[in-house]
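Reader: Could you take me through one part of this structure slowly? I'd like to see how a sheet and the helices beside it fit together.

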There are 2 protein chains.
Amino acid sequence: MEAKKKSLEELERLDVEAFKNQEKTAINLVLDDIRSALNVGALFRTSDAFALKHIYLCGITAKPPHKEITKTAIGATHSMDWSYHENIEELLESLRESNTILAIEQTDKSIELQDFHLETMHQKQEICLIVGNEVHGVSEKAISLSDYCIEIPQFGTKHSLNVSVCGGITIWEFWKRLNS
Amino acid sequence: MEAKKKSLEELERLDVEAFKNQEKTAINLVLDDIRSALNVGALFRTSDAFALKHIYLCGITAKPPHKEITKTAIGATHSMDWSYHENIEELLESLRESNTILAIEQTDKSIELQDFHLETMHQKQEICLIVGNEVHGVSEKAISLSDYCIEIPQFGTKHSLNVSVCGGITIWEFWKRLNS
C-alpha cells in the first residue's frame, strides 16, 4: 500500500498543560514493588498514552527523578500525575470507595482478561489496576484487598509476561472497553 | 478477596519440545530494524506467551545469541522459531502469498486497532505483524509492501509507545480475535 508516515505535528499530541487539563480515562495504575526503574518508566509512558488518571508507586518501586525512569518514560513523568506510598494496604483502603480494585495476577480465582466484563463488576467511578514485582508478582496483601484477580492467558514456556507488556495489554483492554 | 497465587506447576507451562509440537497461533512477527536488544528479547517473550509461529529478525535487529536478548527473553529464544533476514523486502515478498501483512505504524492511511476487523481483510492463512525501529518506526519500504497500516490510538504527550508494549498490545488483540 501507499501510505505516508505522520509527522510529529500531524500526530497532534498534547503539551503537558493541555494533557493535565483534558478529561482522563477512569483508570488508576498501582505499581506494587516494581524492581526495575526501566519498567517504571515504560509504565509511565503507556499511562500517558492512554491518559490514565494517576500512577501510585508503592513499596520498593523507584520514583522520579531517576535516571533509568527518565530513559524509558521520556518525559511522561511530567505529564502523568503520580504519588509515592510506602504502604500499599493504606493506599488501597483509601482507593476502595471510588475504585474497583483489580490485581493482575495468576491465582486460583483469576478471571481471564478476555472473559472479564465491566458490567459484572461493582459499579464504581474508577478502575484501579495493580501490577506487581517482576519475580513475585502482586503481593498477597494487595491481592487480599482487591475485588478481582485478572489473568492474561498464556500458552508458552515462560511463567509470565514482562510487567511493562502485561501492564500495556491490560491498560489497552480496559481503555477499549471504557470507550466502546 | 481471598485468592492463592498459582505455583509454577499449577501454571502448567509447556517445555520447549511440547511448545514446538503444539498448534500455533497463526501470527508471524517481523522486527524491522529494532535497535534495542532488550526490546528484541521482550518481543521473544511475548511471542512465546501467545505461541506465535515465527519471529523474523530483519536489518539491524540484533539476533541470538546475545546477552541483552537473553536477559529479557529468559529462554524464549529456544522455544520460538526465528530466522534472520538482512533484506526485509525479499522477506515480505516471500510471506505475501500466505500472509496478510500489517504494519503497526501511524500513517495517513492507518486504521485504529480497535476498528480493524479481520473479516474485512483478504482471507489468507496467516497474519504478519511488522513492528519497527524505536525512533523511525516501520520503514517506508516495509509499509509499501504491507496490506494495511494499523495504529494504536494515543492521547498523551509522547509520540509513541515503547515497541515492546506496542507489540504486546497488538499481538494480544489479534490473538483474542483469532480465538473468539
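Author: Here is a walk from the sheet to two of the helices that pack on it. This is a predicted model, where local features need pLDDT of at least 70, side-chain atom pairs count only at pLDDT 80 or more, and totals for chains, interfaces and linings use all residues. Residues are numbered from 1 along each chain as its sequence is written, while chains are lettered from A and ligands numbered from 1 in the order in which they are written.

Okay, the sheet: seven strands of chain A line up, open, as S3-S2-S1-S6-S4-S7-S5, with parallel pairing. (Strands are DSSP runs of E, at least two residues, and helices runs of H or I, at least four, numbered from the N terminus; a pair needs at least two bridges.) S3 (82–85) and S5 (111–112) of chain A sit at the edges with a single partner strand each, so one side of each has no neighbour in the sheet. Further in, S1 (25–32) and S2 (52–58) of chain A share six bridges, and one of the residue pairs is Asn28(A) with His54(A).

Now the helices. H3 (37–49) of chain A packs on the sheet, touching S1 and S2 of chain A (contact means C-beta atoms, placed from the backbone, within 7 Å), and its direction makes about 175 degrees with that of S1(A). H8 (163–178) of chain A packs on the sheet too, and the strands it touches include S1 and S2 of chain A. Where they meet, H3(A) brings Asn39(A), Ala42(A), Leu43(A) and Thr46(A), and among their partners in H8(A) are Gly167(A), Gly168(A) and Ile171(A).

Note on methods:
Axes are lines fitted to C-alpha atoms, for helices over the stretch in contact, and angles run from 0 to 180 degrees between N-to-C directions.
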